[in-house]
Amino acid sequence: MRPAPTILHLDMDAFFAAAEQAAKPSLRGKPVVVGGIGVRGVVSTASYEARVFGVRSAMPTAQARRLCPNAAYLSPRFTLYRQVSDVVMELLHALSPLVEPLSLDEAFVDLEAGGVPAETAAVRAVGEQLRRDIRSATGLTGSVGLAGAKMLAKIASEAAKPNGLVVIEPGTERELLGPMTVRTLPGVGPATAETLRRAGIHTVAETAEAGEAELVRLLGKAHGAGLYAMALGQDDRPVVAERDAKSISVEDTFEVDLTDRTRVRSEVLRLADRCVQRLREAGRSGRTVVIKVRNYDFSTLTRSETLRGPTDDPAVIREAAARLLETVDTTGGVRLLGVGVSGLADFTQEDLFAQLATEREAEEAATAAAAAAAEEAAGGTEQHEAEEERPRRWHPGLDVVHDEYGAGWVQGSGVGRVTVRFETPWSAPGRVRTFAVEDPALRPGEPLPLVGRAPAGGQSSEPAILPKFLSPEPGDTGSVGEEISRR
């Protein structure tokens, strides 16, 4: 435990939803829900206005719609969120070389490693300046927790929400944690909480009073001993700049159960290709291929196969995933499929069978391409025109540009029509217009800057936020932080 609160935890406030509100003036101050919008969609983030109605992350979207039918339900725009996240992480790295990202909107920072004096006043000033810089650079707000341990810093940032700063002075940990529910502690999920409840343990103070021996008896040696230390406010985990991923995976949930075996197989192969793409983007390879299948009745199973060596060859991973699928009965219907690779390495092992598979796939692709060329020469033009006439899919929240009306976003679509609100992050709430889905004047766009203005000629080519440190406005001191102290 550190003698000064030099570990900082930043958590952006309702990140995805707040970014959408910043980008869409007509949604500011109104409930916004970001996530899957289909029948089986799940809420990713809800704005604070939507949370008043009981909408929460990981809740089925259908349930959220019943609780808050008048909210704006939008599909995620990860291009925008990653751009904002990059700028926030750049600000954090300016404070210290030890930054441990947990997600796009959350990270730990070791201020001591960045040379910040180990004094409460100094770290508080750094936290307040960080909040002002984030607001200036992105237009969004974040909450900051400062403490002598990672667990406590995260608890502090949660207490600071929204848009605040909380400092936990070393020496006050047990007094602070005591009345909190045991679910506050890291690693305590529903199952562990239920085990403790049956033993009459509900709060952190009761967990500490139970003693290490009792917790080990209830939960096992490793979990029990770790939980006892955390109940005492003890957490010596360091801030780790590089978090090594143990696996890379992708998965999709389908709005309608898949019963066609051919369709299930094609989806698995598609997911395998996406998984390989992520592997290569990370510069990794893997030797264990895993598939995940969730059936119509929510029962979930996994199958895995370990290869002779690590690979990032798409043909090898596709074939392994297809073999694993053959061992699974999908006749009842499949609602979710996933493909992953574990046993990661930063090299690949040459494999004769992989090379043969790749060569065979290349030959098949060449044959298919030759057949397609012959078909087009024999009259494939009509088919190409028919594909162009297919209705486009316009997801709610999607950025669009119209030749006459400029930049806007999709409010909704259906029955061959798409409704667009034309506004920008720096404009007043815009007007709504409706078009045919195949209107040639309407096309997908790119996220506009949340801070600053786009060129007068139309859509900006700049990133969605300003990738530089901006000074705070004169007189902008941020909200007053709260210090939890025994003094």
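Q: What makes Val88 and Leu92 contacts of leucine 10 in this predicted model?
A: Contact means heavy atoms within 4.5 Å. Leucine 10 touches Val88 and Leu92, so both meet that cut-off. Its other partners include Asp105, Ile134 and Val144, with residues up to four places away in sequence not counted.

Q: Why is the set that holds Leu8, Leu10 and Leu92 called a nonpolar core?
A: A core takes buried residues of nonpolar types, joined through side-chain atoms within 4.5 Å. Buried means under 20% relative accessible area. The largest such set has 41 residues, and Leu8, Leu10, Leu92, Leu111, Leu140 and Leu146 have the most contacts inside it. Helix α4 (residues 78–93) gives the most to this core: eight residues. A second, separate core has 29 residues, among them Ala153, Ala156, Leu176 and Leu196.

Q: Why is valine 52 called exposed?
A: Its relative accessible area is 68%. Exposed means over 50%, so valine 52 qualifies. Valine 52 sits in the loop between α2 (48–51) and α3 (61–67).

Q: What makes Val52, Phe53 and Leu67 a nonpolar patch?
A: Patch residues need over 30% relative accessible area, and nonpolar side chains are joined within 5 Å. Val52, Phe53 and Leu67 form such a patch on the surface, with about 300 Å² of accessible area together.

Q: How do you know where the coordinates should not be read in detail?
A: Low pLDDT is the sign. The protein's mean pLDDT is 84, and 83% of its residues reach 70 or more. Over residues 380–391 the pLDDT is below 50, and this stretch has four contacts beyond near neighbours in sequence. Residues 454–487 are also below 50, with 79 such contacts in the model.

Notes. Residues numbered from 1 in each chain as written. Predicted model: local features only at pLDDT ≥ 70, side-chain atom pairs only at ≥ 80, totals over all residues. Heavy atoms only, no water. Patch = residues over 30% accessible without salt bridge, like charges linked within 9 Å, V, L, I, M, F, W, Y side chains within 5 Å. Areas by Shrake-Rupley, 256 points an atom, 1.4 Å probe, with all protein chains shown as cover. Salt bridge = Lys/Arg side-chain N within 4 Å of Asp/Glu carboxyl O. Helix = DSSP H or I, 4+ residues; strand = E, 2+ residues; numbered from the N terminus. Buried < 20%, exposed > 50% of the residue type's maximum accessible area, 1.4 Å probe, protein only. pLDDT = per-residue confidence, 0-100.
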